[in-house]
Amino acid sequence: MKIYDTLSSKYVGRDIGCPCGRVHRARVKDVIIGDGAVGALPGAAAGLGAARAFVVSDRNTERAAGGRVSRVLDAAGIRFDKFVFEEDRVEPDEASAAAAVAAFGGQDIVIGVGSGVINDICKLLAKTAGKPFIIVATAPSMDGYCSSTSAMLVGGLKRSLDSRCADVFIGDTDILKDCPDILKRAGFGDMIAKITALYEWRLGSLITGEYYCPFVEETVRTAWKRILDGAGRLMSGDPEAVAAVTDGLVISGIAMDHAGLSRPASGCEHYFSHLWDMRGAAFGTPTSLHGIQCAVGTVMTLKGYEKLFAKTPDFKAAAAYKAAFPLEEWFDVIRERVGIGGETMVRNARSGNLYDPESSAERLRIIEENYESIVSLAKELLIPSEEAVRLLKSIGCPVSMAEIGLPANEANIDFEMTRDVRDKYILSSLAWDTGVKIDLIH
């Protein structure tokens, strides 16, 4: 068994006093990435006091790694019970989470065998049951392995729910390197999204005064650099490249845990994905893997910034535009387009700050006073949309709505709706505040 020397393992098991005023603490206790790393599972489980395990997978991940997990647990004398989702595609919703909770029998530990949805469900199960949790990753496909939230559909609305961070992450490159290519592309897509997410975190801090930490930002940038360095060899299944990409994804999740929020890892590009997932759940419209959708959303967001900054807004006209904005008509559009989750989006928008007249006026004042800094920061932190397209195409990843089965002529309405998915300041918030209609179609 060869265990790689990873950066992520250096962030665990210690408190980091930070100039931002917080003490950063990663709740994951151990990160094990290497060839044959699944062999470390029995020791990790025993270290968490487990004599009997509850192992969760779906049909695909059971084929990919379930047998190996069973064999190593058997050999170590650790009893276990299996729960395998039989659906062709497990949805991250209340029904799936309830099924796992109902099947749980009070075992000592939850072991997830899978990636995105399995990981999210197991994190919720472990939190509900008050049990430790180990994730055996089956694909380097997303960055939520070591975060403390689960992305779930609740009442038709995509939400980030507080859950339990994995106590131990196991990434066996013998398993990870053989995952389907689309999952590797999804991992890269989830990480290229950090380019826009980090800029928008800085943007939100400048305009709304929200918490921001340079140390956490640099942690995520380090993760992205590791992903970028291994991109050329990722699709061939090179073990070192797979290990580096997996490490980068884990670091990103740890960064979210350090910050106590998802801001360092998601912004406007992720909210495109959330909208498409909500519409898919409500109306059966096409959806793709989260990371693939985030890749497309990143290209669209970068293009949006390029269009926004092409000329200086008319700030007086912006104030008049917002004052006359037909808010109730807009809320009706949200209800109609989003479906079951639309009413929750409207309720959250009403209680948020974006449409509050006093907050809106104050933001516009700050934007006008700092507009040159906002633009120069974008030039420093963002990359051209053409460069993002080149990087994504180099690994065969989709770069447009049409390529993932969505109507390209709906890009503008989807873009405008991203501002109401969460009460976070993103590109579409800035466009609304400055009265700029961004055209992503032409």
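Is Arg59 buried, partly exposed or exposed? In this predicted model, Arg59 comes out as partly exposed, because its relative accessibility is 32%, a value that falls between the 20% and 50% cut-offs. The residue lies in helix H2, which runs over residues 59–76. Setting aside residues up to four places away in sequence, Arg59 touches a run of neighbours made up of Val84, Phe85, Glu86, Glu87 and Asp88. With Val84, the C-alpha to C-alpha distance is 6.5 Å, although the two are 25 residues apart in sequence.

Stepping back to the whole chain, the model holds 19 helices and 11 strands. A compact globule of 442 residues would have a radius of gyration near 22 Å, and the chain has 22 Å, so the two agree. The C-alpha trace spans about 70 × 40 × 40 Å along its principal axes. Of the 442 residues, 58% count as buried. The accessible surface adds up to about 16900 Å², and carbon and sulfur atoms account for 52% of that. As for how the chain folds back on itself, take the contacts between residues at least 6 apart in sequence: 79% of them join residues at least 24 apart.

What sits in the middle of all this? The largest nonpolar core has 115 residues, and Phe169, Phe188, Tyr199, Phe309 and Leu430 are those with the most contacts inside it. Helix H11 (residues 290–308) supplies the largest share of this core, with 8 residues. Apart from it lies another core, this one of 23 residues, including Leu41, Val55, Ile111 and Ile170. Phe169 gives a good idea of the company such a residue keeps. Beyond its neighbours within four places in sequence, Phe169 is in contact with Val28, Asp30, Val31, Ile32 and Ile33, with Ile135 and Ala137, with Tyr145 and Cys146, and with Thr246 and Val250.

Helix H8 deserves a paragraph of its own. It covers residues 214–234, and at 1.5 Å a residue its 21 residues should span 30 Å; the end C-alpha atoms are 29 Å apart, so the length agrees with expectation. There is nonetheless a kink in H8 of about 25 degrees, centred on Leu228. The buried residues of H8 are Val216, Glu217, Thr219, Val220, Arg221, Ala223, Trp224, Ile227, Gly230, Ala231 and Leu234. Some background helps in reading that list: an α-helix has 3.6 residues a turn, so residues three or four places apart point the same way. The list also takes in Glu217 and Arg221. As for partners, the buried residues of H8 pack against strand E3 (23–25) and against a set of helices: H6 (181–192), H7 (194–208), H9 (239–259), H16 (371–381) and H17 (385–394).

Just past this helix, Asp238 is found in the loop between H8 and H9. Asp238 counts as partly exposed because its relative accessibility is 24%. Between Asp238 and Arg79 there are 34 Å, C-alpha to C-alpha, and 159 residues in sequence.

Two serines make a handy pair to look at. Ser429 is found in helix H19 (residues 427–433), whereas Ser288 lies in the loop between helix H10 (268–283) and H11. Ser429 is buried, because its relative accessible area is 1%, and Ser288 also counts as buried, at 15%; the cut-off here is under 20%. Away from its close neighbours in sequence (up to four places), Ser429 touches Leu354, Arg419 and Lys424. For Ser288, with neighbours within four places left aside, the contacts are Arg89, Asp277, Gln293 and Ile404.

Two glycines round out the picture. Gly435 sits in the segment after H19 and counts as partly exposed, at 29% relative accessibility. Its C-alpha atom is separated by 8.6 Å from that of Ala320, with the two positions 115 residues apart along the chain. Not counting residues up to four places away in sequence, Gly435 touches Ala318 and Tyr321. Gly405, for its part, lies in the loop between H17 and helix H18 (411–417). Gly405 is partly exposed as well, with a relative accessible area of 43%. Gly405 and Thr285 are 8.5 Å apart in space, C-alpha to C-alpha, and 120 residues apart in sequence.

Note on methods
Residues are numbered from 1 along each chain as its sequence is written. This is a predicted model: local features need pLDDT of at least 70, side-chain atom pairs count only at pLDDT 80 or more; totals for chains, interfaces and linings use all residues. Side-chain values use heavy atoms; hydrogens and water are left out. Helices (H or I, at least four residues) and strands (E, at least two) are DSSP runs, numbered from the N terminus. The expected span of a helix is 1.5 Å times one less than its number of residues. The bend at a residue is the angle between axes fitted to the seven residues ending there and the seven starting there. Buried means under 20% relative accessible area, exposed over 50%, partly exposed in between (1.4 Å probe, protein chains only). Contact means heavy atoms within 4.5 Å. A nonpolar core is a set of buried Ala, Val, Leu, Ile, Met, Phe, Trp, Tyr and Cys residues joined through side-chain atoms within 4.5 Å. The radius of gyration is taken over C-alpha atoms; the globule rule is 2.2 Å times the number of residues to the power 0.38. Accessible areas come from the Shrake-Rupley method with a 1.4 Å probe; for residues, only the protein chains shown count as cover.
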